[in-house]
Every structure is written in C-alpha cells, then in structure tokens.
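Trainee: Could you take me through one part of this model closely, namely the sheet and what surrounds it? I'd like one connected walk-through rather than a list.

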Amino acid sequence: MTGPRYRPGQRVRIAARTPAVHHRVPAYVKGKVGTIERVCGKHGEPERHAAGKSLVLRRLYRVRIAQQELWDGYQGAPQDKLDVEIFEHWLEDEV
Amino acid sequence: MSEHDHSRTFQADHPEPTSEAALTGLALRELLIEQGVYTADEEQAMIAAMQGASPENGARIVARAWEDDSFKERLLANGAEAIKELGFDLSPLEFTVLENTERVHNVIVCTLCSCYPRTLLGMSPAWYKSANYRARVVREPRAVLAEFGVTVLPDVEVRVHDSTAELRYMVLPQRPAVSDRLSEPELAALVTRDSLIGTQRELASAI
C-alpha cells in the first residue's frame with residue numbers, strides 16, 4: 001500500500017481536464033493552484049463508480065485555494081480562502 | 001338514513017405509486033430485501049435513525065467541545081472518531097469540524113449537489129440546496145453572509161468549504177461570551193442550525 005503522494009502545505013495544481021464521465025471536481029477549481037490543507041483517507045474513485053466499474057480506492061486531500069486565485073476581481077478580503085476535496089489523480093506537482 | 005355528511009369526513013387514501021420512477025423504486029426495494037442485501041428491519045432502523053437526526057445532535061457536540069478542551073482537540077483532528085464518544089457514527093464518511101475563531105469564519109456549501117451531514121443534523125434547509133446559494137457563496141461569500149445578517153470584519157479570514165466528495169462538515173461556532181455558568185445542555189440550547197453551517201456567526205449568550 002503506497003502512502004500519500006502529497007503532504008500538508010505542499011503546493012499543487014488541480015488538473016484542468018474534463019473527462020466525459022461523472023467526476024466530482026467543480027469546474028471553477030480546475031487549473032487552479034492551492035496548498036494541501038490535510039491528507040484524508042482513501043475512497044472509491046467517482047469516475048469509475050459512476051460508470052459501474054470495479055472499485056478503485058484513491059487518496060483524497062483537502063486543497064486550500066486563495067479566493068483571489070479563483071476569481072478575477074474577487075471582492076472580499078485578500079486573505080479569504082476556499083477549501084475543496086480533490087482526489088490524488090486530479091493533482092499535479094506545482095513548484 | 002344517516003345525516004352523516006361524507007363529503008366532510010372523506011379523506012383521500014394514501015395514493016398508490018403511479019409514476020414509473022416510483023414503481024421502479026418500490027420494485028428495487030423489494031428486490032434488495034428479497035436478495036438479502038439488507039433486511040426490512042434494517043431499513044426500518046435506518047429510517048428511524050434518519051428521522052431522529054436534528055441540529056440538536058450537532059449542538060451537543062459543540063457544547064461538549066466548549067466544555068472539554070481535549071474532546072475539542074480530538075474533534076478537530078478526527079471528527080468521525082471523536083463523535084463516536086457521544087454515540088454518533090457517520091462511517092464510512094469522514095466528518096470534519098471547522099473551528100470559528102476571532103480570525104476565521106467558516107461556511108459550508110456543496111456546489112455539485114447538496115451534500116450535508118444528514119444522518120447527524122437531519123434535513124438541510126431549502127436554501128442550502130438552492131442554485132443561488134451554491135453558486136454565489138463560493139464566489140462572493142461576504143455578500144451572501146451579509147444577506148444572512150452576518151458581517152465579517154475585513155481582517156477576518158472567510159473560509160468557504162466546498163463539500164464535493166467523501167467528507168461531511170460542521171462548523172464549531174465560537175462560544176458566546178457570557179455563558180460560563182451555563183450547564184452543557186444549556187450551552188447546547190444556544191447553538192442554532194445555521195451556526196453549524198456558518199451562515200450565522202454570533203450566538204445569543206442566554207436562552
């Protein structure tokens with residue numbers, strides 16, 4: 001059993017792909033950069049689950065993104081953040 | 001001849017399912033029970049548990065965290081494990097509790113559908129499921145919070161949590177200032193449903 005690929009505080013980019021199958025990555029976070037807020041457990045991959053395929057467990061993370069990274073002209077405060085759950089196969093290294 | 005007026009006492013019987021979807025649902029349920037996937041007793045127990053779920057469960061957890069620092073620490077580190085101490089079990093879902101502080105205000109949404117810790121807190125409010133709330137709270141959280149009567153000071157960080165996968169969330173609101181002499185059940189009575197979602201920040205300090 002392999003351990004988590006990412007650790008808390010690490011910078012990651014959320015993949016910008018859009019597969020033609022149900023997936024649980026909201027469009028507004030695709031391609032955005034954030035940091036790992038925490039490493040969660042392993043859960044069934046939604047894309048396979050939705051297609052009725054056999055269960056494949058994937059590592060889940062919470063990714064913290066600055067609101068100013070998400071939205072052009074964000075009207076709130078510069079320190080505002082958004083946390084979202086993203087599976088490991090949707091994360092890319094960001095240096 | 002009776003004087004009894006049937007037009008007044010008549011009540012419609014529970015209607016038989018007529019739509020194809022309703023009939024499919026019934027057939028599926030019968031098959032699941034027939035095939036032993038679960039028993040009718042288990043189904044009844046689950047329905048009863050879900051009907052018993054309410055924000056009062058969340059309020060009990062909050063009051064315990066206010067009173068017991070080591071419980072609070074366990075709750076914030078691993079919510080699903082910690083709430084088992086109070087008899088709640090959300091497994092296999094992870095349960096993440098987000099602490100409001102002087103510096104941070106948390107608010108929860110599910111933009112993809114309407115994920116909510118329903119077996120713990122009961123049905124979510126109608127607005128939580130609305131496209132309006134789901135679309136806007138991620139984009140302009142302070143404006144949406146203001147519509148709920150919540151003013152978050154400019155130096156406080158607003159943290160929106162989009163519940164998109166396997167985690168369920170609850171906000172741990174700040175303990176009201178003047179609640180030192182209240183018992184744990186009295187403290188729990190101060191906690192509102194909206195404060196557990198984050199669309200309320202200040203709690204009343206007396207019942």
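Mentor: Here is the sheet, then the contact between the chains, then what lies elsewhere in each chain.

Ground rules before we start. This is a predicted model, where local features need pLDDT of at least 70 and side-chain atom pairs count only at pLDDT 80 or more, while totals for chains, interfaces and linings use all residues. Residues are numbered from 1 along each chain as its sequence is written, and chains are lettered from A and ligands numbered from 1 in the order in which they are written. The scores are ipTM 0.95 and pTM 0.87. Chain B averages a pLDDT of 90, with 92% of its residues at 70 or above; pLDDT is the predictor's confidence in each residue, from 0 to 100.

Now the sheet. Seven strands make up an open, mixed sheet, ordered β5(A)-β1(A)-β2(A)-β3(A)-β4(A)-β3(B)-β2(B). (Helices here are DSSP runs of H or I with at least four residues, strands are E runs of at least two, and both are numbered from the N terminus; two strands pair if DSSP finds at least two bridges between them.) The edges are β5 (91–93) of chain A and β2 (104–109) of chain B; each has a single partner strand, so one side of each has no neighbour in the sheet. From one strand to the next, the twist averages 35°. At the chain A edge, β1 (residues 11–14) pairs with β5(A) in the antiparallel sense over three bridges, and Ile14(A) sits opposite Leu91(A) there.

What lies across the sheet? Helix α9 (residues 131–139) of chain B lies across β4 (81–87) of chain A together with β2 and β3 (157–162) of chain B, running at about 150° to β2(B). Axes are lines fitted to C-alpha atoms, for helices over the stretch in contact, and angles run from 0 to 180 degrees between N-to-C directions.

On to the contact between the chains: chain B puts in 19 residues and chain A 18, two residues being in contact if their C-beta atoms, placed from the backbone, lie within 7 Å. On the chain B side, α9, α10 (141–147) and β3 each supply at least two residues. β3(B) gives the most to that side, with six residues.

Stepping back to chain A, its two helices and five strands run β-β-α-β-α-β-β from the N terminus. Its C-alpha atoms fill a box of roughly 45 × 30 × 20 Å along the principal axes. Of its 95 residues, 27% count as buried, meaning that 20 or more other C-beta atoms, placed from the backbone, lie within 10 Å of a residue's own; 12 or fewer is exposed, and in between is partly exposed.

Elsewhere in chain B, the domain assignment gives domain 1 (20–50) and domain 2 (54–197), with bounds from an automatic or database assignment. Their C-alpha centres lie 31 Å apart. Helix α2 (residues 20–34) of chain B has 15 residues and reaches 21 Å from first C-alpha to last, close to the 21 Å expected, which is 1.5 Å times one less than its number of residues. The number of buried residues in α2(B) is zero, so the helix lies largely in the open. Just after α2(B), Gly36(B) takes a positive phi of about 75°. Further along, Met46(B) lies in helix α3 (residues 40–52) of chain B and counts as exposed because it has 12 C-beta neighbours inside 10 Å. The C-alpha atoms of Met46(B) and Arg134(B) are separated by 28 Å.
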